[in-house]
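Please look over the fold below before reading on. The report covers sheets, helices, ligand surroundings and a few single residues.

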Amino acid sequence: MNIEQLYSTYLQNPSIQTDTRKLKAGDLFFALKGGNFNGNEFAAKALELGASFAVVDEEKYFTQPDKMMLVNDALEALQQLALHHRKQLGIPFIAITGTNGKTTTKELINAALSSNYKTYATVGNLNNHIGVPLTILSIREDVELAVIEMGANHQREIEAYCKIALPTHGIITNIGKAHLEGFGGEEGVKKAKGELYDYLRANNGTVFVCNEYGYLMEMSQGIPHIVTYGQENADYTGKPVADKAFLEVEVTGDSKVGLIQTQLVGAYNFPNVMAAVTVASYFKVPAQKIAPAIAAYVPSNNRSQVIRQESNTIIMDAYNANPSSMKAALDNFAGLQAPKKVLLLGAMMELGEDSIKEHQALADALQRTHWDAVVLVGGDFQKVTHPYIFLPDALEAKKWLEQQQFKNTYILVKGSRSTGMERVISQ
Ligand SMILES: CC(=O)N[C@H]1[C@@H](OP(=O)(O)OP(=O)(O)OC[C@H]2O[C@@H](n3ccc(=O)[nH]c3=O)[C@H](O)[C@@H]2O)O[C@H](CO)[C@@H](O)[C@@H]1O[C@H](C)C(=O)N[C@@H](C)C(=O)N[C@H](CCC(=O)N[C@@H](CCC[C@@H](N)C(=O)O)C(=O)O)C(=O)O
Ligand SMILES: Nc1ncnc2c1ncn2[C@@H]1O[C@H](COP(=O)(O)OP(=O)(O)OP(=O)(O)O)[C@@H](O)[C@H]1O
Ligand SMILES: C[C@@H](N)C(=O)N[C@H](C)C(=O)O
């Protein structure tokens with residue numbers, strides 16, 4: 001592959017598309033292979049639809065040499081192009097990984113930084129082997145700071161993304177129990193997420209570390225520049241203000257940021273907010289701009305959204321679930337002042353051989369708190385013992401909820417993506 005030639009094609013039309021269903025005229029099309037389709041089969045169609053150029057990796061589809069490039073592997077070509085582009089951008093790249101809160105932290109950091117700089121941040125959850133290069137290739141030359149989310153479900157994935165994004169700064173939000181199947185247990189998660197620290201340690205990087213997580217303090221040892229945040233004894237400190245439905249954070253210490261009234265539920269969002277305060281302060285965003293920028297962020301896509309339905313309040317947390325985020329959500333919900341509390345919990349996926357044990361542990365933990373009703377939905381909840389209602393799927397849970405006619409009730413809805421728990425309140 002001639003990377004210079006590919007890069008010059010990209011610079012003429014710096015808009016990448018991998019999907020003919022979303023193609024716009026002028027896009028540079030990469031033919032990827034997936035579980036359902038071979039992208040090569042769509043390359044000619046892409047040109048017909050107005051793509052400026054197509055990168056294919058099967059000779060049989062290399063039908064228009066003037067408008068196509070044949071490479072060994074189109075995904076690898078996309079990643080190499082992203083690396084080449086990254087090398088032209090002499091700006092800080094802040095990489096974010098961790099078990100929970102990556103997207104929220106990324107959005108909060110981007111909100112705070114963009115109040116003062118031209119930034120580019122990962123769109124939505126485009127955080128994998130395709131999403132990371134696409135993100136990098138969306139960064140234009142006038143951008144001053146980039147915020148890149150990196151997701152993973154197996155070892156050496158973050159290492160590979162670092163070799164494409166070349167981050168200068170990084171955050172691991174936390175380490176918990178998720179995707180245990182692919183990581184090979186919780187120690188495996190630590191090792192895999194730690195690949196970001198390994199890269200920054202070897203490349204004179206800077207990390208932002210929540211000092212309340214001893215394991216992160218330990219893992220980050222030896223990294224040349226460590227900036228800490230937390231409730232006390234950190235470079236940047238703050239405190240969650242209690243007894244409020246939405247999280248408020250009082251930024252303390254010498255900072256002039258002051259009180260941040262967020263639109264986020266859950267004390268578990270405190271470190272996410274502090275990460276944004278820290279990164280923005282570190283990059284010298286004026287203190288008076290930080291609180292309003294963070295306060296304006298409203299979570300979307302069922303990421304702990306608060307929905308009022310008549311006299312009921314629903315915390316819709318159905319974007320994802322794992323043992324760590326379930327615990328955080330339940331601890332928070334248990335602490336809320338509410339006349340009546342109901343739980344609708346979908347099963348947790350990708351836990352491998354720990355799955356039944358983790359579902360049982362959750363069912364046991366639930367019994368230590370009084371709830372007005374609990375419904376467990378689908379998956380391995382079927383295989384554990386508990387005194388609660390079990391329903392096979394979200395649509396059955398929806399019917400159940402409609403029959404109850406709850407009033408003045410707080411309802412927490414959470415579950416793994418594939419359980420689609422948001423359907424319990426769909427029209
Ligand atoms: C390969 C691809 O991009 N697929 C997208 C495609 O899927 P579809 O099922 O339609 O087809 P194929 O995958 O078989 O397609 C092969 C190619 O053919 C193209 N094509 C197909 C039909 C057609 O008419 N024209 C075509 O051109 C097609 O576009 C392919 O290029 O469409 C789906 C619907 O839009 C997409 O969802 C699918 O995207 C895949 C899932 C993808 O990986 N997209 C990335 C850009 C991305 O970042 N997606 C994120 C999700 C990231 C994620 O899950 N992160 C995990 C952690 C990371 C785990 C990592 N190891 C991993 O396995 O991904 C996390 O926990 O956060 C997102 O979409 O939000
Ligand atoms: N710091 C945190 N600790 C525990 N749970 C959290 C934290 N932040 C967010 N969550 C939970 O995770 C859900 C999804 O948040 P977010 O999308 O930010 O996480 P993510 O790490 O990007 O997830 P994914 O890996 O699935 O993309 C939230 O709705 C909330 O339930
Ligand atoms: C949504 C996806 N990124 C994820 O977190 N998957 C877990 C297993 C889930 O579905 O909750």
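Two strands pair if DSSP finds at least two bridges between them. By that rule strand E9 (residues 206–210) and strand E10 (residues 225–230) pair, as five bridges join them. The two strands run parallel. Thr-206 stands opposite His-225 in E10. The model is a predicted one.

**The nine-stranded sheet**

E9 and E10 belong to an open sheet of nine strands. The order is E6-E7-E5-E8-E9-E10-E11-E12-E13, and the pairing is mixed. Strand E6 (119–121) and strand E13 (259–265) stand at the edges. Each has a single partner strand, so one side of each is left without a neighbour in the sheet. On average, neighbouring strands are turned by 20° against each other, direction ignored.

Helices H4 (residues 102–114) and H8 (residues 186–202) pack on this sheet. H4 touches strand E5 (93–97), E6, strand E7 (145–149) and strand E8 (169–172). Its direction makes about 170° with that of E7. H8 touches E5, E8 and E9. The direction of H8 makes about 155° with that of E8.

Edge strand E13 holds Thr-262. Is Thr-262 buried or exposed? Thr-262 counts as buried, because it has 25 C-beta neighbours inside 10 Å and the cut-off for burial is 20 or more. Neighbours within four places in sequence aside, the contacts of Thr-262 include Phe-246, Leu-247, Glu-248 and Val-249. Asn-269, Val-273, Ile-294 and Ala-295 are also among them. Thr-237 is 25 residues from Thr-262 along the chain, and their C-alpha atoms are separated by 17 Å.

**The four-stranded sheet and helix H3**

Another open sheet has four strands in the order E1-E2-E3-E4, with parallel pairing. Its edges are strand E1 (16–17) and strand E4 (68–70). Each of these has a single partner strand, so one side of each lacks a neighbour in the sheet. Three bridges join E2 to E3. Phe-30 has Val-55 in E3 as its bridge partner.

Helix H3 covers residues 74–88. How far apart are its end C-alpha atoms? They are 21 Å apart, which agrees with the 21 Å that 15 residues should span at 1.5 Å a residue. The buried residues of H3 are Ala-74, Leu-75, Ala-77, Leu-78, Gln-79, Leu-81, Ala-82, His-85 and Arg-86. An α-helix has 3.6 residues a turn, so residues three or four places apart point the same way. Strand E2 (28–30) and strand E3 (53–56) are among the elements that cover the buried residues of H3. Helix H1 (3–12), helix H5 (131–136) and helix H6 (157–165) are also included.

**Ligand surroundings**

Ligand 2 has 22 residues around it. Asn-100, Gly-101, Lys-102, Thr-103 and Thr-104 come nearest. The elements that give two or more residues to this shell are H4, helix H10 (270–282) and helix H12 (323–335). H12 gives the largest share, four residues.

The residues around ligand 3 are Asn-320, Ala-321, Met-349, Glu-350, Ser-416, Arg-417 and Ser-418. By class, the two shells are made up as follows.

| Shell | Nonpolar | Polar | Charged |
|---|---|---|---|
| Ligand 2 | five residues | 14 residues | three residues |
| Ligand 3 | two residues | three residues | two residues |

**The E14–E15 hairpin and the loop before it**

Strand E14 (residues 305–309) and strand E15 (residues 312–317) run antiparallel and are joined by five bridges. Gln-309 stands opposite Asn-312 in E15. The two strands form a hairpin with two residues between them. Glu-310, in the turn, has a positive phi of about 50°.

The loop between helix H11 (287–295) and E14 contains Asn-301. Ser-304 lies in the loop between H11 and E14 as well. Asn-301 is not a glycine, yet its phi is positive, about 60°. Ser-304 also has a positive phi, near 50°. Which of the two burial classes, buried or exposed, fits Asn-301? Asn-301 counts as exposed, with 12 C-beta neighbours inside 10 Å. Ser-304 is buried, with 24 other C-beta atoms within 10 Å.

**Ala-397 in helix H14**

Ala-397 lies in helix H14 (residues 394–404). Ala-397 is buried, because 26 other C-beta atoms lie within 10 Å. Beyond its neighbours within four places in sequence, Ala-397 is in contact with Leu-344, Val-375, Val-377, Leu-391 and Val-424. Leu-376 is 21 residues from Ala-397 along the chain, and their C-alpha atoms are separated by 8.6 Å.

Notes:
Residues numbered from 1 in each chain as written. Chains lettered and ligands numbered in written order. Predicted model: local features only at pLDDT ≥ 70, side-chain atom pairs only at ≥ 80, totals over all residues. Expected span 1.5 Å × (residues − 1). Contact = placed C-beta atoms within 7 Å. Axes fitted to C-alpha atoms, helices over the stretch in contact; angles between N-to-C directions. Near = placed C-beta within 6 Å. Nonpolar A, V, L, I, M, F, W, Y, C, P; charged D, E, K, R; others polar.
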